[in-house]
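Trainee: I am new to this structure and would like a close look at one part of it. Could you take the salt bridges and walk me through them, then show me what else is worth a look along the way?

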Amino acid sequence: MEDYRRYLNPQVLNKISRLDLKARLVVEGYIAGLHRSPYRGVSQEFAAHREYVPGDDLRHLDWKVFGRSDRLYVKQYEQETNLICYLLLDVSESMSYGSTTVNKLEYSRYLAAALSFLMVQQQDAVGLVLFDRQVRKTIPARSSTPHLNLILKELSEAQPTLKTDFKAISDDVTTHLAQKGLVIVISDLFDEPERILSGLERIRAKGQEVIVFNILDEYEVRFPFERMTRFEGMEEYPQLFADPRTLRNEYLKTLEDFLSRIRRGCLAERIDYVRISTDQMLDVALTAYLAKRERL
Amino acid sequence: MSFVSPAYLWLLLAGALPVIIHLLNRQRYQTVRWAAMEFLLAASHKNRRRIQMENLLLLLLRVAIVLGLAFTFARPYLKKPVLNALTAPDTHLVIAIDNSYSMGYRDGSATIFEQVKDVARKLIDTLRVDRGDRLTLMTLSEYPETLINDVSLHITQAKKRVDELALTDYATNIMKTLALADDIASKSTASRTVIYLVTDNQKTGYKHAEAATATAKSELKIIEVGSAGRANHQVTRIYPLNQSGLILTGQSVAFQVESTNYGNKDIVTAVNFIADGIKQGGSSVNIGAGRTVSLAFNHSFTEPGPHWVRAEIEKDNLVIDDSRIYALDIKDSIKTLIINGEPSAEPFEDEVVFLRYALSPQPETPNSNISPYALNIINGQEFISTEQLPLNNTDVMIIANLEFIPPGKLRQIEEWLNKGGGLLIFLGDKVDRTAYNDLFAKGLLPAELVEVAGNNTDTVRFDRIDFTHPALTFFGSVKEKLRSLLIQKYYSVKSAEGSRVLMSYGDTANSPAVIEKPVGKGRPSAAPKPPSYAVPKLRSGEGQELWNGEGWLILVTTSADAEWNKMPAKPSYVMLIDQLCRYLASSSSLVARDLLPAQTITLPAGEAGNFLMATPKSGTVALQAPNYKDTADVGLYTLERLTADRMTKEKLSYFGVNPEPAEGDLRRIAPDELRKILNRPFELVNANAGLTDDALASGGQIPPLSHLWKYLIYLVLISLVLELVLAQRFGRFA
């Protein structure tokens, strides 16, 4: 039997070309490792009967009740109460950095695809917003397989472009969020922390639950360079010629300050903050999502 | 600074390696497109200055490590103990420079004295003014002298003083010098005192070694200069073979000349004999290695007065001891004044008739070759009536059976005695015992007269004869001759303390017959021995008075004629009188005129007039003090006196100042022997055995504190650890 769990490894996943297949493999691999099913409400369990009103889908009529009592009742199922979830994926230039074959954007794609697949599987509606300094693409939340395919297509076509401006796009995004639901932000968050936090605040203000997946490359976290290096800045930053060893401590400190500030900001807003390095297995993100989903 | 292995200094070029590596590293860089640029820029901006400083510090450290290693391999050390300034205590150097005459030995083109000065200059160079070092500069010889003993050190002055230092004609006396140096060192307040003896380290320089056993706190370093097997030959002594020391004109005197070869090989050399500047004879002589050979040269002087003779040997590398001078006085006659206490017209009744014939068989022809005596006989009456006794022209005075000496005459005689006269007193029946005992009380008689002993019938002979006395040594080989003399009457006497009994009578009491007493300080009881290899006691002291102008007095307790004895009947009588008179007359010629440098010449007491001294090197100087002390130079000294009209000069005496013979023995002392003599820790360094500048600093080896490589190793290790720690800390551990 094929060990699906290995598809949780981004490096393995990278070898598979189709994103839909990747997403399925991730989820299957993830679920194969769990002892009980995580699906909730996705079962076709009967919940209650209600009287038929014109417009109801005739497929849901309980013909057995009609045969016994000649009255039209419609069977009601739990899945109708499912969640509306938006994935906010950062496609700025900085996301294109990767010390290995899987860069941050690629990793984020897998993550987004896997989450979308998982959501659609359990009848949750999933929408997608691609952004950099502005919203690049918005797909409204739906919970159908064709919709999933659309999302996966958009994900695979997403290209890194400009600098991130999370605050700017948060205004745009909130207009789409009519219902209460879940917003999952997938980004390296390389922007000013005030702008990021204020953007997140606005989304929270709309009554949305938020999970932030902070995607970082392993090299960004460890800064393991030894040789003299010319660092060419992405997102319009200038280049820097330096001995990385002289800068490592200070760089790591600056980065840690930044990250901890974001984390504290998230904590204050009761936002789930999950820092993920691109060398980590994808199940970290899925577990974080499912834990959150359970609480909703 | 010097290096043990200077070839390794090429490694210093490796000091450029860290810089080159740094530059190469800058060339070989990678390019990374970087997302988290704002954090990197912030870090770079914040630390740019610090990073530059850290980079520079690390670079310097790495360069220092490489340079330090290169230096370590080259093993540097300091010529001067510079490090001592930080770590070592202030030092007081006491440098004793041997300037004895043996240092005048020519070793190649220069004397070894130049080598000694060279060593001294190098020693002075090791001193540090800033450390508060002090210097005592002194000479090493029989008469050590402190040249510089300064709290404030002036190196230039000290070296100038060394340059100016001249050789002396003195012998070496290391123990005496060391005692002085120890004394100076013990008074020093410096934390460390080092005594340097820079010398040729002769064995003979360690005389009187038993005198100095110092428990000194100062370090002692002996630096030997000159090659080890230096040969030398010298005239060791020259002296007349003459028992009494009295030499008369026309008398042939044999001068004994001893020459010593201190070398390891036999030599054939010429020995010349010079009298008053004219060569009289010469002889070729073969002297075995380490041997002394004696040659005799006969010479007779025709003129009375002061004379000198010199023996010369062929010149070698040490010239000063190749000749010696002996100065002496020659008399044409022994001027004898006889006071006749009992004159008589009868030839055999006269008191002094036998004396006269004994001394001068032909009184009518004085100064004939038969007798050296020139007699002047005065009767007792005349003696009393004469105002002034003719003592100035008298060598010996004989008083025979004189009743008493009037006080005026006594004063004249006493004065004359003090100038070196010799007085012979015979007793007899005329003698006033009380008057003579007054003389005894005044110290002018060797014995107190008690009573007349004996009778005309019985005779006694001389007994207990002191043949060691110079006046009687003549009889040593014919002892019975003296014992053949018969005596009937004599004064029994009680000899005073300090008197010497030459002969006694063979009576029961052994009454003294001939008694001698020095007047004033007297003179040596024996003729001065010629200077011997071992320095005689007479000469060892500084300022010894060698002019012993004081006289002697001999009392014969029987009569001069045949009245109390039958002596004149025997030929021995003539010999006895002659020997006694010669002995007494020799007082002025016995003056030791063979001196060692720096011994004092005492001028004859009571001589009126202005004295001049013609010296071998300093010209003629006028003398004021009764002593002449400037006899540092070897050579001939001439004592002269200006006559009353101050127009002419009269030669009084010659003095020969000769080098101490022992100093000519250049053989070194063996280290074992030295250890025994010094009886204290010391370091022996040979300047010829590759003595480097650095060896001088502590003697024989590079001073430990000047070895820098150990410190460099520490420095490199510390730098390495520091580099590691800093690189780690700066995040550049690679």
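Mentor: Here is a walk through the salt bridges, followed by a sheet, a loop and a surface patch. Please keep in mind that this is a predicted model.

Over all chains, the structure holds 40 salt bridges. Let us start in chain A, where the side chains of R248(A) and E226(A) meet in one of them, with 3.4 Å from N to O. R248(A) sits in helix α9, residues 244-268 of chain A, while E226(A) belongs to the loop between α8 (218-222) and β8 (229-233), so this pair ties together parts that are 22 residues apart in sequence. The two partners also differ in their surroundings. R248(A) has a relative accessible area of 17% and is buried, because buried means under 20%. E226(A), with 39%, is partly exposed.

Now move to chain B, where R50(B) and E54(B) form a salt bridge whose closest N and O atoms are 2.2 Å apart. Both residues lie in helix α2 (residues 37-74) of chain B, four residues apart, so about one helical turn separates them. Here R50(B) is the partly exposed partner, at 38% relative accessibility. E54(B), in turn, is buried, with a relative accessible area of 6%.

Another pair in chain B is R161(B) and E164(B), whose side chains meet in a salt bridge of 4.0 Å, N to O. These two are three residues apart in helix α5 (residues 155-164) of chain B, and that spacing is again about one helical turn. R161(B) is partly exposed, with a relative accessible area of 28%, and E164(B) is partly exposed as well, with 47%. Salt bridges can also share partners: R192(B), E219(B), K221(B) and E683(B) are joined into one network in this way.

Next, back to chain A for a sheet. Six strands make an open sheet in the order β5-β4-β3-β6-β7-β10, with mixed pairing. At its edges stand β5 (135-142) and β10 (272-277) of chain A; each has a single partner strand, so one side of each is left without a neighbour in the sheet. On average, neighbouring strands of this sheet are turned by 15 degrees against each other, direction ignored. To see how an edge strand is held, look at β7 (residues 209-216) of chain A: six bridges join it to β10(A), and the two strands run parallel. Within this pairing, I215(A) has I276(A) in β10(A) as its bridge partner.

Two more stops in chain B round off the tour. D133(B) lies in the loop between α4 (112-125) and β7 (134-140) of chain B. At 2% relative accessibility, D133(B) counts as buried. A polar atom of the D133(B) side chain lies 2.9 Å from the backbone nitrogen of T91(B).

For a contrast in setting, turn to I718(B), in helix α16 (residues 709-729) of chain B. I718(B) is exposed, because its relative accessible area of 55% is over the 50% cut-off. I718(B) also helps to make a nonpolar surface patch of about 560 Å², together with Y711(B), I713(B), Y714(B), L717(B) and L720(B).

How values were computed: Residues are numbered from 1 along each chain as its sequence is written. Chains are lettered from A and ligands numbered from 1 in the order in which they are written. This is a predicted model: local features need pLDDT of at least 70, side-chain atom pairs count only at pLDDT 80 or more; totals for chains, interfaces and linings use all residues. Side-chain values use heavy atoms; hydrogens and water are left out. Buried means under 20% relative accessible area, exposed over 50%, partly exposed in between (1.4 Å probe, protein chains only). A polar contact is a pair of N or O atoms within 3.5 Å; within protein, one must be able to donate a hydrogen and the other to accept it, and residues adjacent in sequence count only if both atoms are side-chain atoms. Patches are made of residues with over 30% relative accessible area and no salt bridge: like charges are joined within 9 Å, nonpolar side chains (Val, Leu, Ile, Met, Phe, Trp, Tyr) within 5 Å. Accessible areas come from the Shrake-Rupley method with a 1.4 Å probe; for residues, only the protein chains shown count as cover. Two strands pair if DSSP finds at least two bridges between them. Axes are lines fitted to C-alpha atoms, for helices over the stretch in contact, and angles run from 0 to 180 degrees between N-to-C directions.
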